[in-house]
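Student: Got a minute to go through this one with me? I'd like to start with how the helices pack.

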Amino acid sequence: MTDKTSLAAGTFAGARARIQDNASRGLWSSRWVFFLAATGSAVGLGNIWKFPYVTGQNGGAFVLVYLACILLIGIPLLMTEVMIGRRGRANPDGAVARLAREAGASSRWRVVGWLGGLTGFLILSFYLVVAGWALAYVPATFSGGFAGVSGEASGELFGALLADPLRLVVCATLVLAATMLIVGFGVRGGLERSLRFLMPGLFVLMLVLVVYAAIEGEFAQALQFLFVPDFSALTAQSVLVALGHAFFTLSLGCGAMMVYGSYLPEGTSIAKTSILVALADTAVALLAGLAIFPLVFANGLEPGAGPGLIFVTLPIAFGQMPLGQIVGGLFFIMLVIAALTSAISLSEPSIAWLTERFRISRTKAVLGSGLVLWLLSLGSVFSFNHWADYQLFGKTFFDTLDYLTTNWLMPLGGLGTVLFTGWVLQKQVVSEAIGIRSNGLFLAWWNLLRYGTPVAIVLVFLNLMGLI
Ligand code: PHE
């Protein structure tokens, strides 16, 4: 073979590899599917489990600060992540590295990508455990286990679940297996089918719960608690939690939206879709708050009770309302599916990274990461029983993982992403990639990205460290 032909063969092989690459990566079949998938990622335990309990713990002006964080930091960053993914067409690490190369910048920026993937992986390890609680509540509710329970009895039932490591491990393992099966078969097929009925169904059930809570619960008190800000109760810590929660609920700072953006066809409006995703996500969270707090107050429960809040509160409602067994069972099924669609997006950045960076098969990547996730999830399971007394700064393994990933790693990942986009990439390239047609709107977003968002994140960090 002459040099020329081998070169040609090499180029051909390269081109073929690239085509195969793109084919195996695949694209969402339409922008509607992307919207569903991104909403599926955003809407999950964060909205229904976490939002009510962190609001209960932080009270006062928490909801207001959280909404401000969504608007000023969350939405601009969501647009940025989707844009980086679509432009880079690779896993977060590869996409950031590619854009950095194009801009002639150091490839060290890829740390933004892989740190995100790692954060997502750590979050998933405890997310599975909470999704497992929801799964355990499906048969418990259908079988009438909560008929007529009082607040106290419901708390005891939840306590009994936490004290039973075997049940927790079985449930978390089932959730993990389901996640990995869907991810193993490719994200699109599995997701598309489950999302079509899930989102509308979940929304309708949330509305039913809100109506029930409005009739039976202390609705006015809940409205006051959620929406009338009391700034005296606002601490630096609760501002950090609000910021972290805005990241968590919109799936930011951990590569999830980047990797979903990497499957987004050209020509879809990133800005419009991101705003719609954020609206849907916020609506579900607020509905969850409106469903839960009237019941908390009516049953003399403690709003700041922590991670068990919905698992103690909602069964009381299901135990009393007509057809509660069925409504409740369906609710927990939907919660598990909502958690699954988020779990998938938490694992996809690292799976895509393993297959694209190291060229290992998807099956191997899924099995390997599944095993590591399972081992890590045991740490969270034991935080509630065997290891409950092992604490670091007053926090169990579960609490520490949650606190570190949500409140520190995600905002840090977000900070890296906005600095990279606003200060390293060229304005021209970004403007083309984001595809906002109106110049005024583009400039508003661009300036928020360059100045507003990073300054806000840094201020929250400095404030918390007591430096300002
Ligand atoms: N946003 C999801 C929820 O609210 C959790 C999540 C975080 C998903 C980060 C993906 C990435 O439940």
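Tutor: Sure. Helix 8 and helix 16 are roughly antiparallel to each other, where an angle over 145 degrees counts as roughly antiparallel, under 35 as roughly parallel, 65 to 115 as roughly perpendicular and the rest as oblique. Before going on: this is a predicted model, where local features need pLDDT of at least 70 and side-chain atom pairs count only at pLDDT 80 or more, while totals for chains, interfaces and linings use all residues. Residues are numbered from 1 along each chain as its sequence is written, and side-chain values use heavy atoms, with hydrogens and water left out.

Student: OK, at what angle do the axes of helix 8 and helix 16 cross?

Tutor: Roughly 155°, and the axes come within 10 Å; helix 8 covers residues 165-184 and helix 16 residues 362-382. Axes here are lines fitted to C-alpha atoms, for helices over the stretch in contact, with angles from 0 to 180 degrees between N-to-C directions. Helices are DSSP runs of H or I, at least four residues, numbered from the N terminus.

Student: Which residues of helix 8 and helix 16 meet?

Tutor: From helix 8, P165, L168, V169, T173, L176, M180, V183 and G184; from helix 16, R362, V366, G370, L373, W374, L378, V381 and F382. Contact means heavy atoms within 4.5 Å. By class, this contact has 12 nonpolar, three polar and one charged residues. Ala, Val, Leu, Ile, Met, Phe, Trp, Tyr, Cys and Pro count as nonpolar, Asp, Glu, Lys and Arg as charged, and the others, Gly among them, as polar.

Student: What about helix 7 and helix 14, how do their axes cross?

Tutor: At roughly 130°, coming within 8 Å, with helix 7 at residues 151-162 and helix 14 at residues 309-320. That pair is therefore oblique. G151, S154, G155 and F158 on helix 7 meet F311, V312, P315 and I316 on helix 14. Sorted by class, there are five nonpolar, three polar and no charged residues in that contact.

Student: Staying in helix 14, is G319 buried or exposed?

Tutor: G319 counts as buried because its relative accessibility is 18%; buried means under 20% relative accessible area, exposed over 50%, partly exposed in between, with a 1.4 Å probe and protein chains only. Leaving aside neighbours within four places in sequence, G319 contacts F146, A147 and G148.

Student: New topic: polar side chains. What does the side chain of T406 reach?

Tutor: The backbone oxygen of D402, at 2.9 Å. There's also a polar contact of 3.2 Å between the side chains of T406 and K50. A polar contact is a pair of N or O atoms within 3.5 Å; within protein, one must be able to donate a hydrogen and the other to accept it, and residues adjacent in sequence count only if both atoms are side-chain atoms. T406 sits in helix 17, residues 397-424, and is buried at 2% relative accessibility.

Student: And E348, which side chain does it pair with?

Tutor: Y263, through a polar contact of 2.5 Å. E348 is in helix 15, residues 324-358, and counts as buried at 1% relative accessibility.

Student: Last one, where's L462?

Tutor: In helix 19, residues 439-464. L462 is partly exposed, with a relative accessible area of 27%. Not counting residues up to four places away in sequence, L462 touches L467 and I468.

How values were computed. Helix = DSSP H or I, 4+ residues; strand = E, 2+ residues; numbered from the N terminus.
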